Amino acid sequence: MDFSLTNQTVQNFDGDCVVLFSFLDKVNDDQFVQSLIDLNHFNAKVGKTLSLNFVDGFKVSRVIVLGLGEVTLSAKNYEKALISLIDTLEGEKVKSALIEEVNVDGYDQSWIYRTTARVMQNATYQIEKVGIDNEQENAIESIAIQSSSDNAHELVQGQAIANGMALTRHLGDLPSNICTPTYLANTAQSLAKEFGLDCEVLEESDMSKLGMNSLLSVSKGSIEPPKLISLSYVGNGDAKPIVLVGKGVTFDSGGISLKPGAGMDEMKYDMCGAASVLGTMRAVAEMKFKVNLTIVVPTVENMPAHNASKPGDVVTSMSGQTIEILNTDAEGRLILCDALTYVEKFNPEVVIDVATLTGAVIVALGKHNSGLMSNDQALADGLISASKIALDGAWQLPIEDEYDEQLKSNFADMANIGGREAGTITAACFLARYSKDYRWAHLDIAGTAWVSGSKKGATGRPVPLLTQYIIDSV
Ligand code: BES
Ligand code: MN
Ligand code: ZN
């Protein structure tokens, strides 16, 4: 799909269709269009559409009226309306459309262009079904946005972010028999090739030499070899890099602490942290930002087996700290802790880890906000601000010593679980023990990375939040 800015009038546009906006309690500028709106009893609720054919005074044969609700248009309502507009345009097989200029309360035109391109392109994402030809039907070819300015680079950025999200969603939606740790490593290597990035993949023997026994304790019950992927983009000389770490459990059965069967298929999404940092890397590399970005992905499969970790086992992590594995289903923190020690070698400006870490975060925040925890309030504030701009919510939870005490073990420096209470926070406290030497934040995306039910699928979050954070840091 192509996006462009144009100063053409809606009347003179000669593509397939123009999109006019309609608000509750506001009359349309075009009297004739307003009379058709009235005649059709159209009500301008957010996302409602009305298709009009051969309207007097327009060159195009079709005018689509899109409801935007209240006149003071909120960012979330604008986003919702754009998503529904894509449905209508695809349903009506529109190839090219011109969208009217609009104001969004609290945001400037640059934000509108970037967000419009990102949201519309992301809404055209289709799940690729395994083993069949996935030809995109009714693909929209071009969207022109009415504008008197020349901010077209914002459209390019918005598309780059959507391309990153598409990679994240695709990797998440793939089944775990295809998307293995090896598959993620190959994906990183092809990104490196496409965008000229530095890629390094550590194998089991390399990790063993580094003493990553915590990470390896998770993968040892699986036939799939573990990998530790690093991918670096250099856009700003020798400045310290932003380092993103993504949890890449390509399937989380729970291990010997086996999960119940219902809904277990969704544990193929337990690599969405990894997918989101790969997607963010794709977006940043495509935008050619003046930043240094490194992503690190510890990736394993968590399976029960005769040679799997057992509850009560004690391992020594790369940092030297020992861990009593009381529950093999708390495996995310076991692979992340060694990755968080490993990233010290990059001399990071900040480290942000992204992980589908706890079911408890869904109890706390539902599926709307990612959980955010940090050892640095300025970093947390930066991420919260980026999350608001990107419409990709995150909500901060505290990390305090009282919670950390729940990790006490009689047999090791710490246990890998902290009991029933505040499960999201005790998981972060565990990670905090490995992140003392740099500014660090943790995003628990267990509730936001995918949706369940009839629309089951990956969301591409938190790629918008992460890319916005990086844009803001330039
Ligand atoms: N991958 C899961 C977290 C998860 C659960 C994400 C449900 C999305 C939906 C993680 O590895 C896990 O199993 N966490 C346990 C931790 C517990 C054993 C302390 C959990 O949340 O139950
Ligand atoms: Mn688990
Ligand atoms: Zn998991």
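**Figure 1. Glu194 and Arg282 form a salt bridge in this predicted model.** The closest N and O atoms of Glu194 and Arg282 are 3.6 Å apart. Glu194 belongs to helix α5 (residues 181-195) and Arg282 to helix α8 (residues 272-287), so the pair ties together parts that are 88 residues apart in sequence. The two partners are worth viewing with the surface in mind: Glu194 is exposed, with a relative accessible area of 53%, whereas Arg282 is buried, with a relative accessible area of 16%. Glu286 comes into the picture as well, since salt bridges that share partners join Glu194, Arg282 and Glu286 into one network.

**Figure 2. Two further salt bridges, Glu92 with Arg62 and Asp252 with Lys259.** The structure holds 17 salt bridges, and here we look at another two of them. Between Glu92 and Arg62, the closest N and O atoms are 2.8 Å apart. This pair links distant parts of the chain: Glu92 sits in the loop between α2 and β5, and Arg62 in strand β4 (residues 62-67), 30 residues apart. Glu92 is partly exposed, with a relative accessible area of 25%. For Asp252 and Lys259, the closest N and O atoms are 3.9 Å apart. Asp252 counts as buried, at 3% relative accessibility.

**Figure 3. Domain 1 (2-147) meets domain 2 (159-473).** The C-alpha centres of domain 1 and domain 2 lie 37 Å apart. The contact takes 15 residues from domain 1 and 20 residues from domain 2. About 1,500 Å² is buried between the two domains, and carbon and sulfur atoms give 58% of that area. Across this interface there are 10 residue pairs in polar contact and 0 salt bridges. On the side of domain 1 that touches domain 2, α2 (75-91) and α3 (109-123) each supply at least two residues. If you want a landmark, try α3: the largest share of that side of domain 1, 7 residues, comes from this helix.

**Figure 4. Strand β18 (residues 440-444) is mostly covered.** In β18, 5 of its 5 residues are buried. Side chains in a regular strand alternate between the two faces of the sheet. Here, Trp440, His442 and Asp444 point one way from β18, while Ala441 and Leu443 point the other way. Strand β14 (residues 350-355) runs parallel to β18, and 5 bridges join the two. Ile352 has Ala441 of β18 as its bridge partner. With strand β15 (residues 370-374), β18 pairs in the antiparallel sense over 4 bridges. Met373 has His442 of β18 as its bridge partner.

**Figure 5. An open sheet of 3 strands runs in the order β12-β13-β17.** Pairing in this sheet is mixed. β12 (313-316) and β17 (414-415) stand at the edges, each with a single partner strand, so one side of each is left without a neighbour in the sheet. β12 and strand β13 (residues 322-325) pair in the antiparallel sense over 4 bridges. To find your way between these two strands, start at Thr316, whose bridge partner in β13 is Thr322.

**Figure 6. Helix α14 (residues 463-473) is largely enclosed by the rest of the structure.** Of the 11 residues of α14, 9 are buried. These buried residues are Val463, Pro464, Leu465, Leu466, Thr467, Gln468, Tyr469, Ile470 and Ile471. The loop between β20 (457-458) and α14 holds Pro462. A cis peptide bond joins Arg461 and Pro462, with omega about 0°.

**Figure 7. Lys93 and Ala422 each have a positive phi.** Most residues other than glycine have a negative phi, and most peptide bonds are trans. Lys93, although not a glycine, has a positive phi of about 55°. You will find Lys93 in the loop between α2 and β5 (96-99), and it is exposed, with a relative accessible area of 53%. Ala422 is not a glycine either, yet its phi is positive at about 50°. The place of Ala422 is in the loop between β17 and α13 (423-432), and this residue is partly exposed, with a relative accessible area of 33%.

Methods: Residues are numbered from 1 along each chain as its sequence is written. Chains are lettered from A and ligands numbered from 1 in the order in which they are written. This is a predicted model: local features need pLDDT of at least 70, side-chain atom pairs count only at pLDDT 80 or more; totals for chains, interfaces and linings use all residues. Side-chain values use heavy atoms; hydrogens and water are left out. Buried means under 20% relative accessible area, exposed over 50%, partly exposed in between (1.4 Å probe, protein chains only). Two strands pair if DSSP finds at least two bridges between them. Domain bounds come from an automatic or database domain assignment. Contact means heavy atoms within 4.5 Å. Buried area is the accessible area (1.4 Å probe) that two parts lose on being put together, summed over both. A salt bridge is a side-chain nitrogen of Lys or Arg within 4 Å of a carboxyl oxygen of Asp or Glu. A polar contact is a pair of N or O atoms within 3.5 Å; within protein, one must be able to donate a hydrogen and the other to accept it, and residues adjacent in sequence count only if both atoms are side-chain atoms.
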